[in-house]
Amino acid sequence: MPAVSKTGSRFLALFFLVAGCAHRPRLVPAPDAQRLPGDPEAAVASAAGVQVTVRSRAWKGNPPDLESIVTPLYVSVENDSAAAIRIRYRDFTLTGPGGLQSGAIPPLQIQRPGTQTVALAPSFAGRGFLLLRPYGPWYPGVPVWEGPFDWDPLFYDQFYATWEPPLPTPDMLNQALPEGVLQPGGRVSGFLYFHRLKQSEGRVIFAQDVIAAETRERLATLRIPLMLQ
């Protein structure tokens with residue numbers, strides 16, 4: 001009997017684990033999203049020579065259950081326009097059906113003098129990408145943008161403050177997409193982190209405002225429909 005009881009306990013534990021995973025909402029491209037050929041988890045949008053690709057369920061790192069805490073999205077931006085464009089957290093948003101909008105959460109606190117910095121081992125992929133200057137101490141050896149770049153301390157105060165220790169983890173920092181400028185012909189990929197979505201939110205819209213770095217002109221707004229299932 002004890003052996004049967006132990007086996008039964010293991011079965012029940014496995015049952016509840018599987019049941020919990022089965023009911024955890026998953027963010028996927030909506031049926032009307034434009035898909036990337038050969039990659040059913042990727043959705044794309046393009047305009048004005050710029051293409052953004054979003055992949056959900058791409059997170060691999062610590063913490064392994066990050067998707068139950070925040071919404072990590074692996075984002076790739078390709079710039080085939082004639083203008084350098086900004087890569088700025090406030091230009092990336094998720095909007096729920098009720099109109100509630102969330103900007104990407106800054107993973108580094110770089111807006112305050114004296115902030116302690118530790119060089120990262122970045123794994124974001126980039127070509128023709130220049131860092132915003134305050135990121136330089138975290139990414140030694142990566143070229144820096146010397147031109148204009150709008151800075152909004154209120155945005156960073158509001159959104160960075162939403163992190164609760166021990167987040168963000170080193171894996172989250174290393175895999176994050178940093179802010180900067182993407183040159184014509186360039187490409188950059190990495191994770192953006194948004195507030196966790198609730199299952200009741202259903203359909204959401206990922207959007208990127210494409211802003212010219214030099215003129216601050218809005219070139220386009222790229223939108224990708226996603227949904228929780």
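In strand 10, the bridge partner of R86 is V181. That pair belongs to a predicted model, and it is a good place to enter the strand pairing. R86 falls within strand 6, residues 85–87. Strand 6 and strand 10 run antiparallel and share three bridges.

**Strand 10 and its partners**

Strand 10 covers residues 180–195. Strand 5, residues 70–79, pairs with strand 10 through nine bridges, in the antiparallel sense. Here E78 faces R187 of strand 10. Strand 9, residues 125–131, is another antiparallel partner of strand 10, with six bridges. Within this pairing, G126 has V188 of strand 10 as its bridge partner.

What holds such strands side by side? Strands of a sheet pair through backbone hydrogen bonds, in either a parallel or an antiparallel arrangement.

**From strand 5 back to strand 3**

Strand 5 also pairs with strand 4, again antiparallel, over six bridges. V52 has V77 in strand 5 as its bridge partner. Strand 4 spans residues 50–55 and is joined to strand 3, residues 39–47, by six bridges. These two strands run antiparallel. S46 stands opposite Q51 of strand 4.

Strands 3 and 4 form a hairpin with two residues between the strands. Which residue in this hairpin takes a positive phi? A48 does, with a value near 55 degrees.

**The five-stranded sheet**

An open sheet of five strands follows the order 1-12-11-7-8. Its pairing is antiparallel. Which strands stand at the edges? They are strand 1 (27–29) and strand 8 (101–103). Each has a single partner strand, so one side of each lacks a neighbour in the sheet. On average, neighbouring strands of this sheet are turned by 30 degrees against each other, direction ignored.

Inside this order, strand 11 sits beside strand 12. Strand 11 holds residues 203–211, and strand 12 holds residues 218–228. Nine bridges join these antiparallel strands. One residue pair marks the register: I205 has P225 of strand 12 as its bridge partner.

**Pairings by bridge count**

| Strands | Direction | Bridges |
|---|---|---|
| Strand 11 and strand 12 | antiparallel | nine bridges |
| Strand 5 and strand 10 | antiparallel | nine bridges |
| Strand 9 and strand 10 | antiparallel | six bridges |
| Strand 3 and strand 4 | antiparallel | six bridges |
| Strand 4 and strand 5 | antiparallel | six bridges |
| Strand 6 and strand 10 | antiparallel | three bridges |

How values were computed: Residues are numbered from 1 along each chain as its sequence is written. This is a predicted model: local features need pLDDT of at least 70, side-chain atom pairs count only at pLDDT 80 or more; totals for chains, interfaces and linings use all residues. Side-chain values use heavy atoms; hydrogens and water are left out. Two strands pair if DSSP finds at least two bridges between them. Helices (H or I, at least four residues) and strands (E, at least two) are DSSP runs, numbered from the N terminus. Axes are lines fitted to C-alpha atoms, for helices over the stretch in contact, and angles run from 0 to 180 degrees between N-to-C directions.
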